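Reader: I am new to this structure. Please take me through one part of it closely: the packing inside and the pocket.

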Amino acid sequence: NATIYYMTACLLAVGAVFFFREEIARAVNTPGMVPYMSGCVIAVVLERMSYIPDRLMIRDMRFKEVGIRNTIGELTYTVSSIVLAILGWGGRAIIAGMLLRALVRVVITVPAVPWREWLTPAPLSWERAKKMLSFGIPLSLGSLANYGSQKWDNLVMLRLFGAQAGGLYNFAWNLADLPASQVGERIGDVLVPSFAKLEPAKRPAALVRAITMMSLLIFPLAVGLGAVAPTLLGDTIFPPKWYGAGPFLAVLSALGVTRPIGWVIASYLQVHGRTRSIMVLEWLKVGAIIGGVGALGWLGGPLWACGGVGLAFGLHALASMALVRRVSEVSYLALVGPLWRPLLACAPLVLAVLGARAGLSRFAPLPPGVALVV
């Protein structure tokens, strides 16, 4: 039943986007996106065919297998899209990479879970549907908002500053989000079944420990990435047209500090059945990001708009902590306390980077890559 509801919702949503693709392109002043929509739609539908088996593997705590399969899929996308771009496919290289990634995920994930667990025909039941949908619809709407918090601000940047600034912003966002998405979200995937298997009385302490470990892992990645941003883009393989993304990346790296906190707390709230609360928090976050990017961008330009992203994720983290306090009576101090120490430890890291950059500026132009290594 869950498979039927999930795929039906997927087809309806993707079909609507495809049907209104020209109107969407006009709304964001990007008519060049229309030719790519067909391939995107097929890739999304293909990838969703592997989603239920993937979630079942996570439920069963088969994390190593899930990680290996996700890695294979992402490497397929990266290698194929780059090779095809070198061969002259242009933007179609990304679409082809998406299609190949989706196909690979279906081929390697679907057989890993017995089909009887998710494809055995069963009569549709209203009682079962009501139970599933009352839990799942708010969570799905929250997931939609979470996706929107990562993508819809691009539309605002395109509208305010045009394609060039919008492209630099999107590029910098993707780099700045690496610590949060590739580490923080993976932690979140592990936490949902882990919290669920704990006794309720032990979950608050586990939440504090999870936030502590998450901050220790991610804060140096996010802060360090922001510190080396200008050198990363100007001293490696990136062509000069991308150098302008350096200041964007330095400001946007703040999202790597604030975003994962909300993700960990959302995993905790999900186990407690507070999916409607997650939905409300996610949509408030989307509003804060779009509003922050739009308002600050209008006031001060593209760099100010980047600052609106980190601010919005910070407000979302604080609101999430407030909700946890109501659900489990975990104090603000218990949640915030573990965060300041790894953040403070990043200060000498930043000072060392700035000092090294200032020292290297006295020398003649160095070979590519030397400054970044230093």
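Author: What follows starts with the core and then turns to the pocket.

The model is predicted: local features need pLDDT of at least 70, side-chain atom pairs count only at pLDDT 80 or more, and totals for chains, interfaces and linings use all residues. Numbering runs from 1 along each chain as its sequence is written, and side-chain values use heavy atoms, without hydrogens or water.

Start with the largest nonpolar core. It has 28 residues. (Such a core joins buried Ala, Val, Leu, Ile, Met, Phe, Trp, Tyr and Cys through side-chain atoms within 4.5 Å; buried means under 20% relative accessible area, with a 1.4 Å probe and protein chains only.) Leu207 and Val324 touch the most other members. Six helices each supply at least two residues of this core: α8 (178-196), α9 (203-227), α12 (255-271), α13 (275-300), α14 (302-328) and α15. (Helices are DSSP runs of H or I, at least four residues long, numbered from the N terminus.) The top contributor is α9, with 9 residues.

Now look at Val324. Leave aside residues up to four places away in sequence. Val324 then touches Leu207, Ile265, Tyr268, Leu269, Glu329, Val330 and Leu335. (Contact means heavy atoms within 4.5 Å.) So Val324 meets Leu207, the other residue that touches the most core members. Glu329 is also among the partners of Val324.

A second core lies apart from the largest one. It holds 25 residues, including Met157, Tyr169, Leu225 and Ala305.

Next, the pocket. The second largest pocket has a volume of about 330 Å³. (A pocket is an open set of points on a 1 Å grid where a 1.4 Å probe fits, with protein on both sides within 12 Å along at least five of seven lines; lining residues have an atom within 4 Å of a point. Volume is the space filled by probe spheres set on the points.) Its lining has 18 residues. Closest to the centre are Thr231, Arg357, Leu360, Ala371 and Leu372. Three elements give two or more residues to this lining: α10 (229-234), α15 (332-360) and α16 (370-373). α15 gives the most, with 5 residues. This helix also supplies at least two residues of the largest core.

The lining divides into 13 nonpolar, 3 polar and 2 charged residues. (Nonpolar here covers Ala, Val, Leu, Ile, Met, Phe, Trp, Tyr, Cys and Pro; Asp, Glu, Lys and Arg are charged; the others are polar.)

Technical notes. Buried means under 20% relative accessible area, exposed over 50%, partly exposed in between (1.4 Å probe, protein chains only).
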